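Trainee: Could we go through a structure together, with questions from me and reasoned answers from you?

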Amino acid sequence: MEKEPAQLFLEDFREGQTFPGHCRTITEADVLSFAALTSDKHPIHYDDEYAKTTRFGRPIVHGLHLMALTALGAAPLSEQLKASMIALLEQQALFQKPVFKDDTVRSEFAIEAIDHRPGMEWGKLKIKVRLINQRDETVLEGRHVYRICSRAGTKARGV
């Protein structure tokens, strides 16, 4: 039986810590599935002929699709937050470069700030997120803010 990873709480994080995410090659099926899921039918994402007329010259991946690839829940770190994660409070993203079908991107997470008042059952964890393509170029930079339990909060919940 595989051992559960050690659980992390607000007190366990330090500004500047980094955590890897996953790599993903974005396929045409991914792009079409995302378009179907969101009902985003703009031809810049899937129509080769239309996209040739744009400054990109070919279809680009949906921005929200890229943001979804920065989800902390899909990163290895999430296994260590099962006992402490409360909620995603906010997110933001800046798109630095276009991403195209068959590009490979990897996510990266860096602890930017910790808002924890001693004795409180929870606090806020600000995480800088990045997506980096196969050429080592940052294609997305953003921030997520999560509400995370402190160790005292976990005890109060009986976890």
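Mentor: What follows is a set of questions and answers on a predicted model.

Trainee: Which helix gives the largest share of the lining of the largest pocket?

Mentor: The largest pocket has a volume of about 190 Å³. Its lining includes Glu28, Val31 and Leu32. Three residues, the largest share of that lining, come from one helix, residues 28-38, and that is helix H1.

Trainee: How do the lining residues of the largest pocket divide into nonpolar, polar and charged?

Mentor: Among the lining residues are Pro59, Ile60 and Val61, along with His45, Asp48 and Lys101. Pro and Ile count as nonpolar, Asp and Lys as charged. The full division is seven nonpolar, one polar and four charged.

Trainee: Over which ring does the charged end of Arg58 sit?

Mentor: Arg58 and Phe100 both line the largest pocket. The cut-off for a charge over a ring is 6 Å from the ring centre. The charged end of Arg58 is 3.6 Å from the centre of the ring it sits over, which belongs to Phe100.

Trainee: And how far is Arg147 from the ring centre of Trp122?

Mentor: Arg147 lies over the face of Trp122. The distance to the ring centre is 3.6 Å.

Trainee: What kind of aromatic pair do Phe13 and Phe19 form?

Mentor: The structure holds one aromatic pair, and Phe13 and Phe19 form it, at 6.0 Å centre to centre with 70 degrees between the planes. Planes over 60 degrees apart give the label. The pair is therefore edge-to-face.

Trainee: Is Phe19 buried or exposed?

Mentor: Buried means under 20% relative accessible area. Its partner Phe13 has 2% and is buried. Phe19 has 16% relative accessibility, so Phe19 counts as buried.

Trainee: How many disulfides does the structure hold?

Mentor: A disulfide needs two cysteine sulfur atoms within 2.5 Å. As for individual cysteines, Cys23 is exposed at 57% relative accessible area, whereas Cys149 is buried at 2%. The number of disulfides is zero.

Trainee: In which loop is Asp102 found?

Mentor: Asp102 has a phi near 75 degrees, a positive value in a residue other than glycine. At 52% relative accessibility, Asp102 counts as exposed, because the cut-off is 50%. Its loop is the one between strand E2 (85-95) and strand E3 (104-115).

Trainee: What is the phi of Asp136 near?

Mentor: Asp136 is in the loop between strand E4 (122-133) and strand E5 (138-149). Asp136 is exposed, with a relative accessible area of 57%. Its phi is positive, in a residue other than glycine, and near 65 degrees.

Terms used: Residues are numbered from 1 along each chain as its sequence is written. This is a predicted model: local features need pLDDT of at least 70, side-chain atom pairs count only at pLDDT 80 or more; totals for chains, interfaces and linings use all residues. Side-chain values use heavy atoms; hydrogens and water are left out. On a 1 Å grid over the protein atoms alone, a cavity is a set of points where a 1.4 Å probe fits but cannot get out, and a pocket is an open set with protein on both sides within 12 Å along at least five of seven lines; lining residues have an atom within 4 Å of a point. Grid points are joined across faces, edges and corners, and a volume is the space filled by probe spheres set on the points. Helices (H or I, at least four residues) and strands (E, at least two) are DSSP runs, numbered from the N terminus. Rings of Phe, Tyr and Trp (its six-membered ring) pair if their centres lie within 6.5 Å; planes under 30 degrees apart count as stacked, over 60 as edge-to-face and the rest as tilted. Buried means under 20% relative accessible area, exposed over 50%, partly exposed in between (1.4 Å probe, protein chains only). A charge sits over a ring if NZ of Lys or CZ of Arg is within 6 Å of the ring centre and within 35 degrees of the ring normal.
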